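Grab a pencil and work through these exercises with the picture open beside you. Try each task before you peek at the solution.

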Amino acid sequence: MPIRPILGYDIAMGYVSGFAALLVSYYAFRSYSAAHKKSLLLFQLGFALAGAALLLDSSFLLAALITRSASLIALGYSGYFILTASSYCLIIGSYTVDRAESPEASPMALFPLLAFGAFSEGVLSALAAAIAIQLGVNFSYKRSANSFLAFLAFLLIFLSHLSFTLQSMRFPGFLIAGHVLRFLGFTSLLILLARMVRAS
Amino acid sequence: MKRYRSRLKIILDILEAVGEHGEKISAILTYANLSYDRCMRYLEELAEKGLVEKAEGGYRLTEKGYRFLEGLKRAEKLAEAFGFRL
């Protein structure tokens, strides 16, 4: 497969997804400012890191494309992995704090890791799956369109990490599937935000 | 099962009651689902913070109260979507 079109596609999707994550982070920060709940602050920080990770990865890919330096791709991915893993830990941690703050909140766990390839994407898959399960449980109770969109978003993000895992296990076709799924996941978050802004 | 209602949720319900369901005490009591004494304690506290003010026959939201209510409603929607409790 030609490398330039794949990188160009990856960069564009990464930037859009990154800005979507930062928008969610901003919205969560405004919610934290109103409610002063620590769980919302952790949630906001989690999405800020997720957005920063995607923007960093895309920027390093763009720089690699311009300077023709493949080592930048590995460097960008390392930053992306550390930030994304930390982001998911913070989001999972936000549910733990929520549980501590409220006797009725949902239970979750947290654990961080680091590396590149199938293993690292496998770790991110597990973390994204944990968030998706939490949101799935939430949707099963709430049955609202917004809770469904939140669940769908992390289900798609989980599937995207699963695709990246398969891609790095000698199935290159899953690279595009992974990017499409991640893009759709963050698009779902954008739709959720649009619905909330329109309703308020 | 009886659902636990946090202090923040009670405040949100009271502000919604004052802002959207009339200024009369009886309407606020009905919407916020609180006893008279408890509701009055909350209303006095909110009045001290400048979020509501006394009006003829009840209370009304101040400008600060409207802004606070809008912020809380946004927070509630986000919390509801992601499974947090206010």
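Before we start, a term you'll need: a residue is buried under 20% relative accessible area, exposed over 50%, and partly exposed in between. With that cut-off, Arg7(B) counts as partly exposed because its relative accessible area is 40%. Keep in mind that this is a predicted model.

**Exercise 1: getting to know chain A**

Task: Find out how many helices and strands chain A has.

Solution: Step one, count the elements: you should get six helices and zero strands. Step two, read them from the N terminus, and the order is α-α-α-α-α-α. Step three, look at burial: of the 200 residues in chain A, 48% are buried.

**Exercise 2: two odd phi angles**

Task: Look up phi for Arg68(A) and for Arg143(A), then decide whether each residue is buried or exposed.

Solution: Start with Arg68(A), whose phi is near 55 degrees, a positive value in a residue other than glycine. Arg68(A) sits in the loop between α2 (38-67) and α3 (71-101) of chain A. Its relative accessibility is 69%, so Arg68(A) is exposed. Now move on to Arg143(A), where phi is also positive, near 55 degrees. You'll find Arg143(A) in the loop between α4 and α5 (145-167) of chain A. Arg143(A) has a relative accessible area of 61%, so Arg143(A) is exposed.

**Exercise 3: into the core**

Task: Which residues have the most contacts inside the largest nonpolar core?

Solution: First, the core: the largest nonpolar one has 72 residues. Next, the residues with the most contacts inside it are Phe43(A), Tyr88(A), Phe154(A), Ile14(B), Leu43(B) and Phe82(B). Helix α4 (residues 118-142) of chain A gives the most to this core, nine residues. Now zoom in on Phe43(A). Skipping neighbours within four places in sequence, the contacts of Phe43(A) include Val24(A) and Ile91(A) in chain A, plus Leu78(B), Phe82(B) and Phe84(B) in chain B. Here's the general idea: in soluble globular proteins, nonpolar side chains tend to be buried together.

**Exercise 4: where the chains meet**

Task: How many residues does each chain bring to the contact, and how many salt bridges lie between chain A and chain B?

Solution: Chain A brings 31 residues and chain B brings 20. About 2200 Å² is buried between the two chains, and carbon and sulfur atoms give 65% of that area. As for salt bridges between chain A and chain B, the count is zero.

**Exercise 5: salt bridges in chain B**

Task: Which residue forms a salt bridge with Glu45(B), and which one with Glu20(B)?

Solution: Remember the general idea first: side chains of opposite charge can pair when their charged atoms come close. Glu45(B) pairs with Arg7(B), with the closest N and O atoms 2.3 Å apart. This pair links distant parts of the chain, since Glu45(B) is in helix α3 (residues 36-48) and Arg7(B) is in helix α1 (residues 7-20) of chain B, 38 residues apart. Now for Glu20(B): its partner is Lys73(B), with the closest N and O atoms 2.7 Å apart. Here Glu20(B) belongs to helix α1 and Lys73(B) to helix α4 (residues 63-82) of chain B, with the two 53 residues apart. Check the burial too: Glu20(B) is partly exposed at 42%, whereas Lys73(B) is buried at 18%. One last thing to trace: Arg5(B), Lys9(B), Asp13(B) and Glu76(B) are linked in a network of salt bridges.

Notes:
Residues numbered from 1 in each chain as written. Chains lettered and ligands numbered in written order. Predicted model: local features only at pLDDT ≥ 70, side-chain atom pairs only at ≥ 80, totals over all residues. Heavy atoms only, no water. Core = buried A, V, L, I, M, F, W, Y, C linked by side-chain atoms within 4.5 Å. Buried < 20%, exposed > 50% of the residue type's maximum accessible area, 1.4 Å probe, protein only. Helix = DSSP H or I, 4+ residues; strand = E, 2+ residues; numbered from the N terminus. Contact = heavy atoms within 4.5 Å. Buried area = accessible area lost by both parts, 1.4 Å probe. Salt bridge = Lys/Arg side-chain N within 4 Å of Asp/Glu carboxyl O.
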